[in-house]
Each structure stands twice: as structure tokens, then as C-alpha cells.
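Reader: Could you take me through the spot where the ligand sits, one piece at a time? I'd like a close look at that part and not much else.

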Amino acid sequence: MGIAEQTRHLQEQLPAGVSLVAVSKFHPVAKLMEAYGAGQRDFGESRVQELAQKAPQMPGDVRWHFIGHLQSNKVRQLVPHAALIHSIDSLDLLETVNREAARIGRTVDVLLQVHVARELTKYGFTPAEMESLASDPRLTGLSNVRVRGLMAMATLTDDEAQVRHEFAEAHHAMYTLKQGPFFGEPHFNIMSMGMSDDYRLAIAEGSTMVRIGTAIFGPREY
Ligand SMILES: *Cc1c(COP(=O)(O)O)cnc(C)c1O
């Protein structure tokens, strides 16, 4: 199947209430346009510079998702383009995004990254850190960021039970925040989890947004 067919196939296959972010990192704009032609509007990039280069080359109704590790010195370049930043992994970073968003007069939607994988290299708040975060006034007191939910990545493993367990842990962290600082906030409703190899498991464990690259675009090119 080509890119357009794969995109349509996924869009049709995902249950209602689960949205698709096409992860286009390392792929040229021509390929993104094939997915766009199939109706795809949400695209995910993991490097700020690449996102900032592609954004002006794509139609204006594309929603850009930032899914990579975000360094504070890149926030200024990212904020004008980002519809949703998935990778907030510290309150300092949240405050930096808030400051830059205020500077240009907009509000940016963000997700908190929760660290549930066994790998030491994945970023994010551990579920225990999430608990103490829940009582920090900075989490809900910033005027130019809106926390929409959580993002998680599972360990890269064939052990499905392990992957499911990690996704369930992430979903539990979401639930905890929903009962706590975001109680009654209808916009706190995005659980971003699931990639090409594990999105079915993620959906079974409560994902509302999957981030899929390889299954749409094939192997990354550069
Ligand atoms: C690259 C990436 C994806 C997409 O991975 P695929 O296996 O190509 O679907 C999803 N999420 C994050 C955070 C990524 O960096």
C-alpha cells in the first residue's frame, strides 16, 4: 500500500474517539503531502528545526505535534508552530512554554510526558513524580498553556504483557490527575500513546491519540 492508502486504512481502522498523528520525522514534504491528500491534518515531528522548516511548506490547516525531547532553548522557535506539545517533562519547561506563548499572545496545548518504560533513556515524570506534581500550583496556574493530558511510550519489547502493563500505568496516572488538579476540566482528555508496533495495545488500554510513523511512511529516510 502507498502512503495515501495506508493513511486512509488507519483512519478507518481506528475506533471513534482515537485520533491519528502521522509521525513524519525524517520524511520529505512530498510524502507528507500524500498523507495530506488522504485527509490527514495532524503531523508529528521530533526535532524543532525540522518542524519549523516543514511548516511553511505545508498547507495552513495542518496541526503540528511536537513529540521529541524538548530543550528549553528551542521553545521560542517551536511555540509559533505547535498545535500540541506532547513532551513536557518538567515544570520548568512548562513555565518556559507559557512564557514564550504569552510573549506572542497565544495559548499552547501541551501534554505531560509520563515515564513508564523500563528503559532509562526515556524522558518524563515517573508515576510517583506525577503524584507530587498533582499538588503543585504551577501545574494549573499558568495562563498561556493548557494541559490537555498525558503522553507515554512503552518499552521496546515483544513482551505484550509488559507493554500493556506500562500503558495501563500511564492511563492510571491520567485518571489520578483527572480526579485531582484537573477535576471537572473537560479539555483534560488526551491520552497520547501507541506507535506503529504497539498502537492496538495502547488503544485497548485507553489511548485517545496514536502517533504512527513507519506504518504510514515506511522506514525513515535520512
Ligand atoms: C518516532 C516516534 C513515533 C513513531 O514511531 P513509529 O514506530 O515509526 O510509528 C511515535 N512517538 C514518538 C515519541 C516518536 O519519537
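Author: Sure, starting with how residues get sorted: Ala, Val, Leu, Ile, Met, Phe, Trp, Tyr, Cys and Pro count as nonpolar, Asp, Glu, Lys and Arg as charged, and the others, Gly among them, as polar. By that split, the shell around the ligand has 5 nonpolar, 3 polar and 3 charged residues. Bear in mind that this is a predicted model, where local features need pLDDT of at least 70, side-chain atom pairs count only at pLDDT 80 or more, and totals for chains, interfaces and linings use all residues. Numbering runs from 1 along each chain as its sequence is written, and side-chain values use heavy atoms, with hydrogens and water left out.

So who's around the ligand (a heavy atom within 4 Å of it)? Val 23, Lys 25, Ile 67, Met 153, Met 195, Ser 196, Arg 211, Ile 212, Gly 213, Thr 214 and Arg 220.

Now the polar contacts (pairs of N or O atoms within 3.5 Å). Thr 214 puts a polar side-chain atom 2.6 Å from a ligand oxygen, and Arg 220 does so with a polar side-chain atom at 2.8 Å. Gly 213 uses its backbone instead: a polar atom there is 2.9 Å from an oxygen of the ligand. On its own the ligand exposes 390 Å², and the protein buries 90% of that (Shrake-Rupley areas, 1.4 Å probe).

As for the wider setting, the chain has 9 helices (DSSP H or I runs of at least four residues) and 8 strands (E runs of at least two). Its C-alpha trace spans about 50 × 45 × 30 Å along the principal axes.

Methods. A residue is near a molecule or strand if one of its heavy atoms lies within 4 Å of it. A polar contact is a pair of N or O atoms within 3.5 Å; within protein, one must be able to donate a hydrogen and the other to accept it, and residues adjacent in sequence count only if both atoms are side-chain atoms.
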